[in-house]
2 protein chains.
Amino acid sequence: MKNLYPNFSFLVTHQDGNARAGIIKCPHGTIKTPAFIFCGTKASVKGMFPDQLSNAGTQIILSNTYHLMLQPGAETIKKMGGLHKFMGWDGPLLTDSGGFQIFSLGHGSVSDEIKRRGRTDRKPTLVSITDDGAVFKSYIDGGDEYLTPEKSVEIQRKLGADFILALDECTPYHTSYEYTLISTSRSHRWEAKSFEEFLKHNDGAQSIYGIVQGGVYPELRKQSAHFVNGSPFFGIAIGGTLGSVKRQMYDIVGSTVSELDKSRPIHLLGIGGIGDILTNVEAGIDTFDCVSPTRIARHGAAFVYPSSRDNKDREHINLKRFQYKHDEDPIQPGCACCTCKHFSRAYLHHLIKSNEMLALQAITLHNVAFINSLMSSIRDAICSGVFDKLKDDWKYGRI
Amino acid sequence: MKNLYPNFSFLVTHQDGNARAGIIKCPHGTIKTPAFIFCGTKASVKGMFPDQLSNAGTQIILSNTYHLMLQPGAETIKKMGGLHKFMGWDGPLLTDSGGFQIFSLGHGSVSDEIKRRGRTDRKPTLVSITDDGAVFKSYIDGGDEYLTPEKSVEIQRKLGADFILALDECTPYHTSYEYTLISTSRSHRWEAKSFEEFLKHNDGAQSIYGIVQGGVYPELRKQSAHFVNGSPFFGIAIGGTLGSVKRQMYDIVGSTVSELDKSRPIHLLGIGGIGDILTNVEAGIDTFDCVSPTRIARHGAAFVYPSSRDNKDREHINLKRFQYKHDEDPIQPGCACCTCKHFSRAYLHHLIKSNEMLALQAITLHNVAFINSLMSSIRDAICSGVFDKLKDDWKYGRI
C-alpha cells in the first residue's frame, strides 16, 4: 500500500499506563509528545514574535482557517509564499477546518457553551447547514460566506500548514441524541469528502487529521471512533462537546481514546487547563490546543505552581489584584522564562494598571513558557515511568 | 573645586563643523553621542521588552516623572529597588522633571501646540502656577497634586535614573514676550532650587541637567543660556517652544547652542524626526528624545529611507494602506532589525487590519532600530568628517 504521508511519522517511544511519550515528524520539524499547540488565530500568537515562541520552548502552533479565509484570504497567503513564510514561523504548523468557529459563533457563542461557559449574548452568524456545507455571515463585512469540506481543504492547502483538519460539525452540549446522531453522520460524510479532496492534491507536504464527534453519547463516540479508525487519516482529533462537567469530559475522552487506533497521534481539541492536560495525558492524549493559556494572560492571569496559588481553585494568580503592588517576586520563583528573569509581580501589576501592552506580552510569554515546561516535565515523567507521581504532585500541591 | 559628578563624564572625541561625536559615561554605562533617547513614559517603552531595546541598539531610555508620580508612585518604585530594577533596564536612564506634562496637558493639550499640532480639544488640568510650583489634577483619580522644584528632584531621586532634569515652566508658542520673560525667570528660580535640592543628597549616583527656556525670543534664549552656563549642571537641555515652523526651530536651536558651554552634553527636548535630527546635530546637539518614533509606529507608520518613501513629504510609509496587502518586501529592504528579517509589509498590513498587537510591537521595534542605526551612521560620518555628505544624502534621497 502506498504511504500517503511519506514526510510524516509518529512513533510512541515510551508508555506509562495509558500515557505515552512519542515523536511526530513533519516537513517543518519534530514534535516531542505530549505537546501543546498554541493558538495563532489570525496568523499571530497574540503579542509574541516567532523567536520568542521558540525561545519559550514552543514546538508547534496553529492558525484558524475561519479567520484567515476572511482576512487576509487564503489566496493572499498563498501568494505570499504560504502561512509559514507569511507569519515568519518555520516550525510545525497546524490549521483547523473552520468548522468549530462557524458552528460555535454560528449558534451565538456556542463556543462558550461547548466549553461550558455562561455567555450566550453574541448574535448568531450561521445562516444554514446542508449536507454540502454551511453558509455563514462574515464578521468582516457581513457578507454571506460558505464552507464545504472541499473548500476547507482547498483553503488549508493554500495556507500550507503541516497538519490540516477534516471539516466536521460541532454541536453544543445540550444537543439531543437524535440531532447528534444526524450531525455525527454528516460529519463523517464531510470528513470523507475532506479526505478525498486532500488525496486529489496530496504532494507530501501536508497530512490530514480526522475528527471523532458524537457529542456526549458514548455509543455515538464509539461509532465515530470506528469511522475515523477506518479512514487513513494521519492523525485523529477528538472534537465537539465533552459534556458540562469535568468528570464527564474525562469519561468521554477516556472511553473514546480506548476505541482509537493507537498507532496514530491523538489530538484533543480545545482543552488547555493544567489539570485537564494531566488527566487527559493519562488517558492517552498526545497533543492539545487551546486559546486559554494566552487568552487568560491578556486578562492578567499568570500560571503558577499549586504552592504559589492564592486561590486553590485556580491554576493562576491574577496580577491585576492590589496584593501584588509591592510584590518583588517574579510570577513564579524559579521559572526560567524571560518575564520571570527580569520582571517582578509589582512591575507587571503596574503595567496592567497603566494599560501598558507590555503587561499582556510579558504574561503571555510566561504562560507559554510555563505550559511548555509542564509538557516537558510530563514527557520526562512518562519516559521515567513516574507519570502518576507527577500528576499527584500537581494534584496535591507538592510542586 | 569638588567634582560634583565623580561617576559621570562627557568627552567630545570628534568635531565636524558644529556637529560633534562624543562619549557620555554614567553609572549604568556609556552613551556614544549623538544619541537618541527613547520614551518609556510609564516605565515601559510601549510594546518592547528591555532585551529587544538593547538588541535594537538602544543606549538610553527615559521615563516620565509626571506619570510615575501618579502611578505607581515614586515611593513604590523606590521600595522595589529603583526604576532600573523595577523596569528591568540596566542601562543608562533619564527622567524628566514632570514640568512638560503638567504645563502641556495643563493648558489643554498644549503639548500639541508646543509641537505645532492642531489639537486643542483636551480639558485643561492645570489648577495654578505660583513661584513655589504648580497644582494640577491627577488623571488617575481627579485629585489635586502639586509639583515644586524640590518635590520633582525628590521624586527623581527616588526613581534613581542616571540623569535627572531640573523643573522648568513650558510655555506654548503663542505666548507673549512679556509672559515668556516672567516665565523664563521663574524657570531659572525653579532650576536653581532644583539644583540646591539635588546637591543636598548628591551621592554620585545621579547627575542633573539644567534647561534653557526663553520661548521664541532670541534675547530671552540667550539670557537663559547664560543662566544655565553659570550653574554647575552636568548637562544642558533646550526646552520649551521652538516656534511654529521648522526654520524657526533651526534658528532658535542654532543660536541657543552657539551660546552654550560646549564642555557639557547638550540635549534637545522632544524632537525626533529624521530631518530634524540631522539639522540639529549639525547645530551641535548631542542627544535627542521624542515619543514620535514609537508613537507613529502604533499608528502603522514605519521609517524608511528616502528612496523607499511613497510620499516625499513623509519620513515613513503607512502600512495600513491597501497598497501593501501583497507587498513581499520587508519594511526597509536591507534593514537588519528583527521585524525586517522575518516579516513582510503584507504580513504587517494584515496584522494591522486584524487588530493584532504584534503589528504595533513589530513596527515599534523597526522604528527603534532604524533611529538607532541612523544615529550610528551620524556618529560614523562625524568621526570621518563627512557629516555634510550624509545629511545631503538624506536630503536629496540618495539613501
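**Figure 1. The largest nonpolar core of the predicted model**. This core holds 240 residues. Four of them touch the most other members: A:F163, A:I378, B:F163 and B:I378. In soluble globular proteins, nonpolar side chains tend to be buried together.

**Figure 2. Surroundings of B:I378.** B:I378 is among the core residues that touch the most other members. Neighbours within four places in sequence are left aside here. Beyond them, B:I378 is in contact with B:P34. B:I277, B:L278 and B:V281 are also in contact with B:I378. B:F387 and B:L390 complete the list of its contacts.

**Figure 3. Chain A as a whole.** The secondary structure of chain A comprises 16 helices and 16 strands. Its C-alpha trace spans about 60 × 50 × 40 Å along the principal axes. Chain A has a radius of gyration of 20 Å, which agrees with the value near 21 Å for a compact globule of 399 residues. Of the 399 residues in chain A, 60% are buried. Consider the contacts in chain A with a separation of 6 or more: 65% of them join residues 24 or more positions apart.

**Figure 4. Packing of helices α14 and α15 in chain A.** Helix α14 of chain A covers residues 345–353, and helix α15 of chain A covers residues 357–383. The two pack at an angle of about 135 degrees. Their axes lie 7 Å apart. An angle that is neither under 35 degrees, nor over 145, nor within 65 to 115 counts as oblique, so α14(A) and α15(A) are oblique to each other. On the α14(A) side, the contact is made by A:Y347, A:L348, A:L351 and A:I352. On the α15(A) side, A:L358, A:A359, A:A362 and A:I363 take part. The residues of this contact divide into eight nonpolar, no polar and no charged.

**Figure 5. The loop between α14 and α15 in chain B.** Two residues of this loop are shown, B:N355 and B:E356. The loop lies between α14 (345–353) and α15 (357–383) of chain B. B:N355 has a positive phi, near 55 degrees, and is a residue other than glycine. Is B:N355 buried or exposed? B:N355 is exposed, because its relative accessible area is 72%. B:E356 counts as buried, because its relative accessibility is 2%. Residues up to four places away in sequence are not counted among the contacts of B:E356. With these set aside, B:E356 touches A:K42, A:S44 and A:K46 of chain A. B:E356 also touches B:L351 of chain B.

**Figure 6. A positive phi at A:A43.** A:A43 is in the loop between β4 (35–39) and α1 (50–55) of chain A. Its phi is positive, about 70 degrees, although A:A43 is not a glycine. A:A43 has a relative accessible area of 0%, and therefore is buried.

**Figure 7. Cis peptide bonds before A:P72 and B:P72**. In chain A, the peptide bond from A:Q71 to A:P72 is cis, and its omega is near 10 degrees. A:P72 sits in the loop between α2 (65–70) and α3 (74–79) of chain A. In chain B, the bond from B:Q71 to B:P72 is cis, with omega near 10 degrees. B:P72 lies in the loop between α2 (65–70) and α3 (74–79) of chain B.

Methods. Residues are numbered from 1 along each chain as its sequence is written. Chains are lettered from A and ligands numbered from 1 in the order in which they are written. This is a predicted model: local features need pLDDT of at least 70, side-chain atom pairs count only at pLDDT 80 or more; totals for chains, interfaces and linings use all residues. Side-chain values use heavy atoms; hydrogens and water are left out. Axes are lines fitted to C-alpha atoms, for helices over the stretch in contact, and angles run from 0 to 180 degrees between N-to-C directions. Helices (H or I, at least four residues) and strands (E, at least two) are DSSP runs, numbered from the N terminus. Contact means heavy atoms within 4.5 Å. Ala, Val, Leu, Ile, Met, Phe, Trp, Tyr, Cys and Pro count as nonpolar, Asp, Glu, Lys and Arg as charged, and the others, Gly among them, as polar. A nonpolar core is a set of buried Ala, Val, Leu, Ile, Met, Phe, Trp, Tyr and Cys residues joined through side-chain atoms within 4.5 Å. Buried means under 20% relative accessible area, exposed over 50%, partly exposed in between (1.4 Å probe, protein chains only). The radius of gyration is taken over C-alpha atoms; the globule rule is 2.2 Å times the number of residues to the power 0.38.
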